[in-house]
Each structure stands twice: as structure tokens, then as C-alpha cells.
Amino acid sequence: MTSLRGKYLHPDMSRRVLSLYNTEHYPEAVLAAFKVIEERLRLVTGKPDADRKELLKETFNPTTGTLHDQEAWQSERVGIYNFIDGAFLSFRNPPAHRFVEIDDEEAFDLTVLANRVLLLIEERCQSLGMEFAKKEPAE
């Protein structure tokens with residue numbers, strides 16, 4: 001089990017983020033954490049060139065998404081979709097498009113947030129029998 005300050009991280013998240021975090025490259029660690037999610041969604045959808053908007057629409061669209069929870073209320077499905085979209089727009093985009101300052105606490109929080117989203121994707125894939133989602137594309 002790999003962890004960040006005692007918090008379990010998915011192995012793919014750990015592999016991509018821990019060295020950046022531990023060497024105090026915090027903006028890069030946050031960006032890497034969200035890239036792990038994007039790559040997982042590309043694998044799930046089979047669309048290696050899709051952008052965030054297309055990936056979320058196909059997977060977590062509250063009505064038609066392949067990974068939305070049909071047992072959840074519509075408002076909950078909308079919430080998950082908006083939550084993931086908002087996390088990308090608010091936390092992934094700044095370090096991707098400009099130089100930003102992120103301290104260790106914020107980087108920890110955002111890495112744990114991204115990790116939770118990745119685990120949610122894994123849980124939905126497993127509940128739907130999508131075993132291939134456990135594999136990460138080669139570097």
C-alpha cells in the first residue's frame with residue numbers, strides 16, 4: 001500500500017504523483033494527479049485524444065454517461081458530474097496554463113481529492129464489470 005502522509009493512494013496515483021510531491025514540486029504533483037484521472041477516462045472510453053469535456057460527457061453525464069450510477073437520484077448524478085468537472089476547471093487548469101504557487105497542504109488536499117475521483121471511477125468500472133479500467137496506458 002502506498003500512501004501520502006498516511007492517506008492511501010491508488011497505485012497509479014502514487015506512481016505519478018509521490019515523487020513530485022516529495023520533491024516539493026507541488027503544482028506539478030497536482031497537475032499529474034488530474035492527468036491520471038484523464039488518462040483513466042480515456043482508457044474507459046477508448047478515446048485517447050478526447051478532451052475533459054468529451055470524457056466527462058461520455059462517462060458521467062447524469063442521463064447517458066456510461067459510469068453514472070443508475071441507482072442514484074438524478075440530483076446526485078448531476079452533482080458528481082459537476083463536482084468532477086469543477087475540480088478540473090478549478091484545480092487542474094491553473095497549473096496547466098500558468099505558473100501558480102501551491103504549498104504542501106494544498107497539494108496534499110488536491111491530490112487526495114483527485115485520488116478520490118480515481119477511486120470513484122474504479123468503483124463504477126468494477127460494478128459494471130469493466131475490468132480493463134484497472135490498466136494504465138504505457139508511458
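**Exercise 1.** Which residues in α2 meet which residues in α5? Work it out on this predicted model, then describe how the two helices lie.

*Solution.* Start with the α2 side: Y26, V30, A33, F34, V36, I37, R40, L41 and V44 make the contact. Their partners in α5 are D104, A107, L110, T111, L113, A114, V117, L118, I121, E122 and C125. Next, sort these residues by class: the contact of α2 with α5 has 16 nonpolar, one polar and three charged residues. Now turn to the axes. Helix α2 spans residues 26–45 and helix α5 residues 104–127, and their axes come within 8 Å, crossing at roughly 10°. Angles under 35 degrees count as roughly parallel, and α2 and α5 are therefore roughly parallel to each other.

**Exercise 2.** Find how helix α1 (residues 11–22) is placed against α5.

*Solution.* Take the geometry to begin with: the two pack at an angle of about 175°, and their axes are 12 Å apart. That angle makes α1 roughly antiparallel to α5. Then list the contact: α1 brings M13, V17 and Y21, while α5 brings D104, A107, F108, T111, A114, N115 and L118. By class, the residues of this contact divide into seven nonpolar, two polar and one charged.

**Exercise 3.** Judge the confidence of the model along the chain.

*Solution.* Begin with the whole chain: the average pLDDT is 90, and 94% of the residues score at least 70. Then go element by element: confidence is highest in α2, at 96, and lowest in strand β1 (residues 2–4), at a mean of 80. Finally, check residues 133–139, where pLDDT stays under 50. For this stretch the model has 19 contacts beyond four places in sequence.

Terms used
Residues numbered from 1 in each chain as written. Predicted model: local features only at pLDDT ≥ 70, side-chain atom pairs only at ≥ 80, totals over all residues. Heavy atoms only, no water. Axes fitted to C-alpha atoms, helices over the stretch in contact; angles between N-to-C directions. Helix = DSSP H or I, 4+ residues; strand = E, 2+ residues; numbered from the N terminus. Parallel < 35°, antiparallel > 145°, perpendicular 65-115°, else oblique. Contact = heavy atoms within 4.5 Å. Nonpolar A, V, L, I, M, F, W, Y, C, P; charged D, E, K, R; others polar. pLDDT = per-residue confidence, 0-100.
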